[in-house]
Amino acid sequence: MRNPQSTIRNPQSTIKVENRFLVLTSCLAMFVGFIAVQSLWGASLQEKIDKEKQTLQQLKQDIRKTRKQRDQSRKKQMEVLESIERLDRQLHKERREAASINREIRQIDRELNKIDAQATGLRSDMNDKKTVLGTRLKRLYMEGRAGWVSPLVEAASYAQFQRRLLYLSSLARWERDLFEEYRRQVAQSEQLHARQAKIRESLVVRKGRIDKKLNVIRDVKSQKRVILASLKKTTRSHEQMLLTLDQAENRKETLLKKLEQRSQIADGKIQKRTTDSFQRGALLWPADGDLVGFFGRQKHPTFDTYVRKKGIEIASSEGSAIRAVSGGDVVYADWLRGYGLVVIVDHGNNYFTFYAHASKLSVKEGETVAKGAVLGETGSSGLTNRNVLYFELRKGTKPVNPLHWLAKR
């Protein structure tokens, strides 16, 4: 028979078993929790990674889009400037051809006036000869065929006969010469009339050509106005216009910097100095006309926006003379995109003057000009639709207010 106590478990042993079980359960729970947390943390991290990848991809797309827009904007700027310059060059070419035709017309007019004067004198001389010949022929008709014999028959002596014969022979030669001269003048008059008709024909042709040229010039000006007006229509066009102005300004600054560096090298070798007349208040005005644009922050007249101008604008009728404000060397005389036909003069001591929007240049790079020398003619080339001269004064690349240097007027 078993001991009753043998069937009763040891309380301490039971507690140990329970404790172990609790520990194992806790560990299992912690392990399961850790796995679950790790799983959740891993999923959250992957989501973050995926989200960052999407953000990075979007950023790359935005960068590509921005670059594309920037490239398109630059391309548009170039297209605008190229279109303006192409139209300006065409306008310049048409004007030169029109001026050439006008010179031909003036030459033809002078030739016609000369021929008219010759024809007038010839007609007067012919009329005199015609009157004399008419009187003489009338008398011969009245005297009949033997009219010339009577003076010889009525001679009182042989000596008188010889004198009368000599006189009649001289008279006959004079009449013959007079008649021949009259015939020659008639032929000359016919030639003059034929020449006049031919020249007038040529004049009509040239006037037709000049009319066509003027129509082309008006058409080109109209195209340019359309392009400039299109830059003011929308906000995007407005931004495009500002970028176009900036690009033109950058080209100018780059050019002036190169010229300044070249001038500094030359000054070091030649010790070039400004003339005595290059002083404040002593410079000539570069063109006649009204001052319409001032140095500093100004409203752009073409694009209706505020810009910071580094020079002044003088409104002048097209074709007015552009004059050197002081003596110096022409260091640039050519097209500059955005500014049209441009002249830059180096006055020594690192002083430069800049003349833009010309319709014609009268000087070439390398020429030395005196104060008041004609550099060209005013116009509307470049980014403007008005006949103005844009003028800058520079100390190196630093713009200086020209109104402090130009003579009072």
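1. In this predicted model, 74% of the contacts between residues at least 6 apart in sequence join residues at least 24 apart. That figure is for contacts within the chain.

2. The chain holds four helices and 12 strands. Two of the strands are strand 7, covering 340-348, and strand 8, covering 351-361. The two residues discussed below belong to this part of the chain: N349 lies in the loop between those strands, and H357 sits in strand 8.

3. Of the 409 residues in the chain, 34% count as buried. The chain exposes about 26,400 Å². Carbon and sulfur atoms supply 54% of that exposed area.

4. Most residues other than glycine have a negative phi. Against that background, two residues deserve a look. N349 has a phi near 55 degrees, which is positive although the residue is not glycine. H357 has a phi near 70 degrees, again a positive value in a residue other than glycine.

5. Is N349 buried, partly exposed or exposed? The relative accessibility of N349 is 24%, so the residue counts as partly exposed. The cut-off behind this is that buried means under 20% and exposed means over 50%. N349 therefore falls in the class between the two.

6. Is H357 buried or exposed? H357 has a relative accessible area of 5%. Because this value is under 20%, H357 is buried. A reader checking the backbone here should look within strand 8, where H357 is placed, and at the loop between strand 7 and strand 8 for N349.

Key
Residues are numbered from 1 along each chain as its sequence is written. This is a predicted model: local features need pLDDT of at least 70, side-chain atom pairs count only at pLDDT 80 or more; totals for chains, interfaces and linings use all residues. Side-chain values use heavy atoms; hydrogens and water are left out. Buried means under 20% relative accessible area, exposed over 50%, partly exposed in between (1.4 Å probe, protein chains only). Contact means heavy atoms within 4.5 Å. Accessible areas come from the Shrake-Rupley method with a 1.4 Å probe; for residues, only the protein chains shown count as cover.
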